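Thank you all for coming; I would like to walk you slowly through a structure that is new to most of us. Please have a look at it on the screen, and then we can go through it piece by piece.

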Amino acid sequence: MRLLAIGKAPAKAPEMEIFARYAKRIRPALTLVEFSDGQGSPGEIKRREGEALLAALKPDEFLIALDMDGATPDSPGLAGRLAGWLERSKKLAFVIGGAEGLDAPVLARAGARLSLGSLTWPHMLVRPMLAEQIYRAQTILAGHPYHRAGRP
């Protein structure tokens, strides 16, 4: 599994430490590929970032785009989706766009769209949040007690 993300975080950033903590627990491993922010007008930025993301995708990867209009499953729902995506392809690629969002050709290439809710999150926080949710989904699928579905 890969996470392709616009923007480069400092290696010692607290967000990256949390991302690394969860990414190493995920199987297959979740690797991060970062891209520089685009330059120019908002439309140009979106286009350039989109081209970089599409160029980095492998033909056999199933793309899941993080998009504000994407599905907003709960954790067990994400686990079910993850299981389905892994049945389609053993190679998954999650994509996080830049401040301007994802370009239309990237969204068109996506086999699925996922949203972490209607709130706006800093892109550097989305990385560890997504990694934790993928890990949580895998523990749900494995029947591990990490996820507690009920309220106390």
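Let me begin with the words for exposure, since I will lean on them throughout: a residue is called buried when its relative accessible area is under 20%, exposed when that value is over 50%, and partly exposed in between. By that rule E44, at 24% relative accessibility, counts as partly exposed. I should also say at the outset that what you see is a predicted model.

Now to the sheet. It is an open sheet of 5 strands with parallel pairing, and its order is β2-β1-β4-β3-β5. The edges are taken by β2, residues 31-35, and β5, residues 112-114, and because each has a single partner strand, one side of each is left without a neighbour in the sheet. Direction ignored, neighbouring strands of this sheet are turned by 30° against each other on average.

Strand β1, residues 2-6, is joined to β2 by 5 bridges, the two running parallel, and R2 has T31 as its bridge partner in β2. Two helices can be placed against this sheet. Helix α2, residues 42-56, packs on it and touches β1, β2 and β4, with a direction that makes about 160° with that of β1. Helix α5 also packs on the sheet, touching β1, β2, β3, β4 and β5, and its direction makes about 150° with that of β4.

On its other side, β1 pairs with β4 in the parallel sense over 4 bridges, and there L3 has F94 as its bridge partner. Strand β3 is joined to β4 by 4 bridges, again running parallel, with F62 standing opposite L92. How many of the residues of β4 are buried? The count is 5 of the 5, so this strand is largely enclosed by the rest of the structure. Its side chains divide between two directions, with L92, F94 and I96 pointing one way and A93 and V95 the other.

Let me stay for a moment with F35, which has its place in strand β2 and is buried, with a relative accessible area of 13%. Leaving aside residues up to four places away in sequence, F35 touches several others, among them L4, I6, K8, A52 and L53. The C-alpha atoms of F35 and K8 are separated by 6.4 Å, although the two residues are 27 apart along the chain.

Turning to charges, the structure holds 8 salt bridges. In helix α2, the side chains of R47 and E44 meet in one of them, at 2.3 Å from N to O, and because these residues are 3 apart in that helix, about one helical turn separates them. R47 also meets E51 in a salt bridge, at 2.5 Å from N to O, and this pair lies 4 residues apart in α2. R47 is partly exposed at 32% relative accessible area, and E51 is partly exposed at 44%.

A further salt bridge is formed by R113 with D67, whose closest N and O atoms are 3.7 Å apart. This pair links distant parts of the chain, with R113 in β5 and D67 in β3, 46 residues apart. Is each partner buried or exposed, or in between? R113 is partly exposed, with a relative accessible area of 35%, whereas D67 is buried at 13%.

Finally, on the surface, L119, W121 and L125 make a nonpolar patch of about 280 Å². L125 is found in helix α5 and is partly exposed, at 32% relative accessible area.

Definitions and conventions: Residues numbered from 1 in each chain as written. Predicted model: local features only at pLDDT ≥ 70, side-chain atom pairs only at ≥ 80, totals over all residues. Heavy atoms only, no water. Patch = residues over 30% accessible without salt bridge, like charges linked within 9 Å, V, L, I, M, F, W, Y side chains within 5 Å. Areas by Shrake-Rupley, 256 points an atom, 1.4 Å probe, with all protein chains shown as cover. Salt bridge = Lys/Arg side-chain N within 4 Å of Asp/Glu carboxyl O. Buried < 20%, exposed > 50% of the residue type's maximum accessible area, 1.4 Å probe, protein only. Pairing = 2+ DSSP bridges. Axes fitted to C-alpha atoms, helices over the stretch in contact; angles between N-to-C directions. Contact = heavy atoms within 4.5 Å.
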